[in-house]
Structure formats: structure tokens, C-alpha cells
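Please read this report beside the sequence and the 3D view. It goes through the fold in parts, from sheet to helices to single residues.

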Amino acid sequence: MTINLDKIKIPDDWKQLLANEFLSPYFADIKSHYLNALANKEMIYPKPHQIFAAFALTPLSSLKVVILGQDPYHGSAMINGELTPQAMGLSFSVPRGMPIPPSLKNIYAELSQSLHITPPSHGDLSGWARQGVLLLNAILSVRANAPASHKHFGWEYFSDGVIRALSARKEHLVFMLWGNYAKKKAPLIDSSKHKIITAPHPSPLARGFVGSNVFVQANIYLQEHAQEPIAWESL
């Protein structure tokens with residue numbers, strides 16, 4: 001199957017960095033799985049135009065922080081009379097008007113405790129993305145109401161490739177690895193060039209995320225390397 005890079009809706013700088021990934025046999029398999037799911041009339045989240053939203057909102061030139069999630073949210077809710085997916089192509093983020101998920105509530109609780117930031121009334125993290133925070137899920141699509149249902153597509157080959165490429169081609173990035181799944185990605189990152197910050201997962205089922213100071217640590221590292229810190233309150 002031919003891959004047309006012009007139709008992959010991410011900025012040119014990301015396309016250039018990830019060209020080998022998009023041209024790989026495994027990415028052709030991902031595309032085939034995805035198109036077959038659409039042909040079978042699966043309800044897929046996020047919406048197709050949002051699958052690469054993390055890249056579209058965060059220019060490679062301004063990238064400072066990578067926050068790795070696992071699987072897109074698989075639920076939905078009514079917003080303004082329309083059934084709206086929770087997933088919007090950004091890890092941990094949900095559209096405005098959507099109830100804030102438990103993990104994101106804990107993320108806000110950590111911001112409140114460590115930086116005295118008043119939690120916003122919404123769960124849209126686009127403001128972080130625009131500041132240079134890549135909100136990357138390891139798996140980029142899911143069938144509605146079926147967690148990890150697209151795990152077999154091969155998305156993890158792609159997200160691992162993203163991490164490797166960023167580690168090799170960039171310097172002084174902060175990689176946030178929360179929970180055991182994310183921590184397994186640490187060997188993909190050159191820790192002599194980048195900062196790896198680990199913590200328990202923010203899920204209420206885990207303990208220890210609130211009080212981990214992950215956002216404080218990130219900004220200290222950025223400032224130590226002559227970069228503007230992230231304004232975590234700007235959402």
C-alpha cells in the first residue's frame with residue numbers, strides 16, 4: 001500500500017523527522033487496520049482528523065516536554081446536544097464541556113499542591129500543547145467503549161519511533177513517564193541528552209502522583225538549559 005505523506009495531517013517539520021516511520025511497512029499495516037475498521041463501520045475515537053492533533057498543535061521547533069499516555073479515552077458524552085468523544089488526540093486531555101476524567105483530576109491536584117495553580121473547570125490541555133508539550137499517546141486510536149481495542153494495529157511501533165527520533169535529533173527535552181507502562185519507554189531515551197521524570201500513574205487506582213513534583217522538576221530542568229518554563233496554569 002502506498003503511503004501519501006501529503007495526506008498525513010501533521011506539520012512538515014514533523015513529517016520530515018518521522019519520514020522513515022511513515023514509509024515503514026508497519027505504518028502501512030496500521031493504515032490497513034484503520035481503514036478496515038472504518039469499512040466495518042466501527043465508531044473510532046478520536047475523530048480521524050484529530051488522530052495526529054498532538055503533532056499539529058506542537059511545532060517541533062518549540063518542543064520542550066513529552067507527556068506519554070497509553071490509550072485514547074474510549075468513552076463519550078453529550079455536549080451541546082451532540083455525542084462527543086472524550087478523546088481529542090492529546091494524552092489525558094478532553095474537550096471543553098466534557099466531565100474531567102479521574103486521572104486528569106489528579107494531574108490538576110498535583111498542580112494545585114506543588115504550584116498553587118487553581119484547577120480549571122475544563123479538561124482541555126491544548127494550552128500546554130501550544131507551549132511545546134507533546135501530549136503523546138502510545139496508541140493513537142480506539143474503538144468506542146472498548147479500551148485497548150486497537151493495540152494490535154501497531155501504533156506502539158510508531159510512538160516508539162517518535163520517542164527514538166526525538167531522543168536522537170533533539171536536545172534537552174523533558175520526558176514525563178508516569179506509571180509502569182510509560183516507564184518501560186525509558187530505554188528509548190538518551191538520558192545524557194534529556195531529562196526523564198518518572199512518577200506513579202495519576203490514576204486514582206495508583207498512589208504517589210500527587211506530591212511527586214513532576215511539573216516543578218520539568219520547569220527547573222528547562223530553566224537550567226536556558227529555556228522558558230511551561231506556564232502550566234495557561235489552559
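The following paragraphs describe a predicted model.

**The open sheet**

Four strands form an open sheet in the order S5-S2-S7-S8, and their pairing is parallel. Strand S5 (133-137) and strand S8 (195-199) stand at the edges; each has a single partner strand, so one side of each is left without a neighbour in the sheet. From one strand to the next the twist averages 20 degrees. Strand S7 (residues 174-178) runs parallel to S8, and 5 bridges join the two. One of the residues paired in this way is Met176, whose bridge partner in S8 is Ile197.

A helix also belongs to the picture of this sheet. H7 lies across strand S2 (65-69), S5 and S7, and runs at about 150 degrees to S5.

**The hairpin of S3 and S4**

Strand S3 (residues 76-79) and strand S4 (residues 82-85) run antiparallel and are joined by 4 bridges. Ile79 of S3 stands opposite Glu82 in S4. The hairpin has 2 residues between the strands, and Asn80 takes a positive phi near 55 degrees there.

In a regular strand, side chains alternate between the two faces of the sheet. S3 shows such an alternation: Ala77 and Ile79 point to one face and are buried. Ser76 and Met78 point to the other face and are not buried.

**Two helix contacts**

Two packed helices are described by the angle between their axes and by the distance between those axes. The table gives these values for two pairs.

| Helix pair | Angle between axes | Distance between axes |
|---|---|---|
| H3 (residues 25-39) and H7 (residues 155-169) | about 135 degrees | 9 Å |
| H5 (residues 102-115) and H9 (214-224) | about 65 degrees | 8 Å |

The angle of about 135 degrees between H3 and H7 makes H3 oblique to H7. H3 passes H7 in a left-handed crossing. On the H3 side, Tyr26, Phe27 and Ile30 take part in the meeting of the two helices, and on the H7 side Trp155, Tyr157 and Phe158 do. The residues of this contact divide into 6 nonpolar, no polar and no charged.

H5 and H9 pack at an angle of about 65 degrees, with their axes 8 Å apart. H5 brings Ile107, Glu110, Leu111, Ser114 and Leu115 to the contact, while H9 brings Val214, Phe215 and Val216. By class, the contact of H5 with H9 has 6 nonpolar, 1 polar and 1 charged residues.

**Two buried residues in helices**

Is Asp160 buried or exposed? Asp160, which lies in helix H7, has a relative accessible area of 15%, and a residue under 20% counts as buried, so Asp160 is buried. Leaving aside neighbours within four places in sequence, Asp160 is in contact with Lys185 and Leu188.

Ala53 is found in helix H4, and its relative accessibility of 12% means that Ala53 counts as buried. Not counting residues up to four places away in sequence, Ala53 touches Met88, Gly89 and Leu90. Ala53 and Leu63 are 10 residues apart in sequence, and their C-alpha atoms are 14 Å apart in space.

**Backbone details in loops and after a helix**

Which peptide bond is cis, with omega near -5 degrees? That bond runs from Tyr45 to Pro46. Pro46 is found in the loop between strand S1 (44-45) and helix H4 (53-57).

Ala148 has a phi near 60 degrees, a positive value in a residue other than glycine. The place of Ala148 is in the loop between strand S6 (142-143) and H7. With 38% relative accessibility, Ala148 counts as partly exposed.

Ala226 also takes a positive phi, of about 60 degrees, although it is not a glycine. Ala226 is found in the segment after helix H9 (214-224). With a relative accessible area of 78%, Ala226 is exposed.

Technical notes. Residues numbered from 1 in each chain as written. Predicted model: local features only at pLDDT ≥ 70, side-chain atom pairs only at ≥ 80, totals over all residues. Heavy atoms only, no water. Axes fitted to C-alpha atoms, helices over the stretch in contact; angles between N-to-C directions. Parallel < 35°, antiparallel > 145°, perpendicular 65-115°, else oblique. Left-handed = near helix turned anticlockwise from the far one by under 90°. Contact = heavy atoms within 4.5 Å. Nonpolar A, V, L, I, M, F, W, Y, C, P; charged D, E, K, R; others polar. Pairing = 2+ DSSP bridges. Buried < 20%, exposed > 50% of the residue type's maximum accessible area, 1.4 Å probe, protein only.
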